[in-house]
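Subject: Structure handover

Hello,

As agreed, I am passing the structure on to you. Please open it alongside this message; my notes on what was found follow below.

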Amino acid sequence: MELLKQKVMNEGIVLAKGVLKVDSFLNHQMDPFLMREIGREFKELFAEEGITKVLTIESSGIAPGIMTALEFGVPLIFARKQKSLTLTEDIFVEKVYSFTKRETNEITVSKKFVGQGERVLIVDDFLANGEAAFGLARIVEQAGAAVAGIGIVIEKSFQPGRKLLQEAGYRVESLVRIASLEDGKVTFVGEE
Ligand code: 5GP
């Protein structure tokens with residue numbers, strides 16, 4: 001996705017340990033026009049998958065997730081990282097190790113919102129080791145629903161997430177794929 005590539009090139013900041021900071025358009029300040037285009041791209045990619053729900057994880061997945069859900073005309077669910085006091089009903093719980101925070105979070109989704117017969121598109125802002133996507137997929141499967149695909153905004157292809165998810169049988173589509181962040185420079189897959 002050319003527009004997203006330009007944003008990453010012009011505004012992305014490479015931090016130590018293979019982390020890309022994109023807080024000017026995705027992770028803190030958010031670019032609504034870019035989010036709309038991201039939603040449209042995922043709609044095109046997964047148009048034939050019969051998507052009935054979009055599932056993401058708070059907080060940075062919510063913006064791309066809601067725009068994708070809008071394109072499909074289906075609800076967005078975001079998994080919560082903290083157990084909410086108002087979340088009193090039955091919940092699905094999974095443990096997810098956070099790559100950027102270096103800690104394990106419990107993520108929760110109410111049993112009310114995902115169930116048998118659903119075809120769920122998982123959306124997230126980044127793919128690194130695949131922990132977040134696997135955690136979300138386990139929740140979908142616990143619910144007896146199907147993972148119809150995994151849509152990633154920025155994939156760091158030098159980390160094993162895509163490979164592991166594909167080996168587990170999931171369809172993974174990423175809007176940009178980064179081959180390397182070495183020497184403080186972003187190199188995209190296909191441009192090495
Ligand atoms: P994974 O679970 O695939 O190991 O990592 C993906 C999750 O960690 C995403 O939900 C994202 O929030 C965070 N993450 C992983 N790598 C990066 C990165 O380079 N930059 C930012 N901003 N977040 C990242």
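To start with a loop: S59 is found between strand 3 (53–57) and helix 3 (62–72), in the loop that links them. Please keep in mind throughout that this is a predicted model. The peptide bond that joins E58 and S59 is cis, with omega at about 0 degrees. A second backbone point concerns R102, which is not a glycine yet has a positive phi of about 55 degrees. R102 is placed in the loop between strand 5 (91–98) and strand 6 (103–110). Both points are worth listing because most residues other than glycine have a negative phi, and most peptide bonds are trans.

Next, the ligand. Where does the ligand sit? Its place is the largest pocket. Three elements give two or more residues each to the shell around the ligand: strand 2 (19–21), strand 7 (119–127) and helix 4 (131–142). Of the elements, strand 7 gives the most to this shell, namely four residues.

The ligand has 16 residues around it, and those that come nearest are L20, N27, D124, G130 and A132. Sorted by class, the shell holds seven nonpolar, five polar and four charged residues.

Polar contacts to oxygen atoms of the ligand include these:

- D124: an N or O atom of the side chain is 2.8 Å from an oxygen atom of the ligand.
- D125: a polar side-chain atom lies 3.3 Å from an oxygen atom of the ligand.
- G130: here a polar atom of the backbone is 2.7 Å from an oxygen atom of the ligand.

How much of the ligand does the protein bury? On its own the ligand exposes 500 Å², and the protein buries 88% of that.

Lastly, the record. An unreviewed UniProt entry places the feature "binding site" at L20, N27 and K156. Of these, L20, N27 and K156 are included in the lining of the largest pocket. N27 lies in the loop that runs between strand 2 and helix 2 (32–45). L20 and N27 also appear among the residues that come nearest to the ligand.

The feature "binding site" is also listed by UniProt, again from an unreviewed entry, for A128, N129, G130, E131 and A132. From this set, the lining of the largest pocket takes in A128, N129, G130, E131 and A132. A128 lies in the loop between strand 7 and helix 4. G130 is the residue whose backbone contact with the ligand is given above, and A132 is, like G130, one of the residues that come nearest to the ligand.

Regards

Key:
Residues are numbered from 1 along each chain as its sequence is written. This is a predicted model: local features need pLDDT of at least 70, side-chain atom pairs count only at pLDDT 80 or more; totals for chains, interfaces and linings use all residues. Side-chain values use heavy atoms; hydrogens and water are left out. A residue is near a molecule or strand if one of its heavy atoms lies within 4 Å of it. A polar contact is a pair of N or O atoms within 3.5 Å; within protein, one must be able to donate a hydrogen and the other to accept it, and residues adjacent in sequence count only if both atoms are side-chain atoms. Accessible areas come from the Shrake-Rupley method with a 1.4 Å probe; for residues, only the protein chains shown count as cover. On a 1 Å grid over the protein atoms alone, a cavity is a set of points where a 1.4 Å probe fits but cannot get out, and a pocket is an open set with protein on both sides within 12 Å along at least five of seven lines; lining residues have an atom within 4 Å of a point. A molecule sits in a cavity or pocket if more than half of its atoms lie within 2 Å of its grid points. Ala, Val, Leu, Ile, Met, Phe, Trp, Tyr, Cys and Pro count as nonpolar, Asp, Glu, Lys and Arg as charged, and the others, Gly among them, as polar. UniProt positions are given in the numbering used here, feature names are shortened, and annotations may be inferred rather than shown by experiment.
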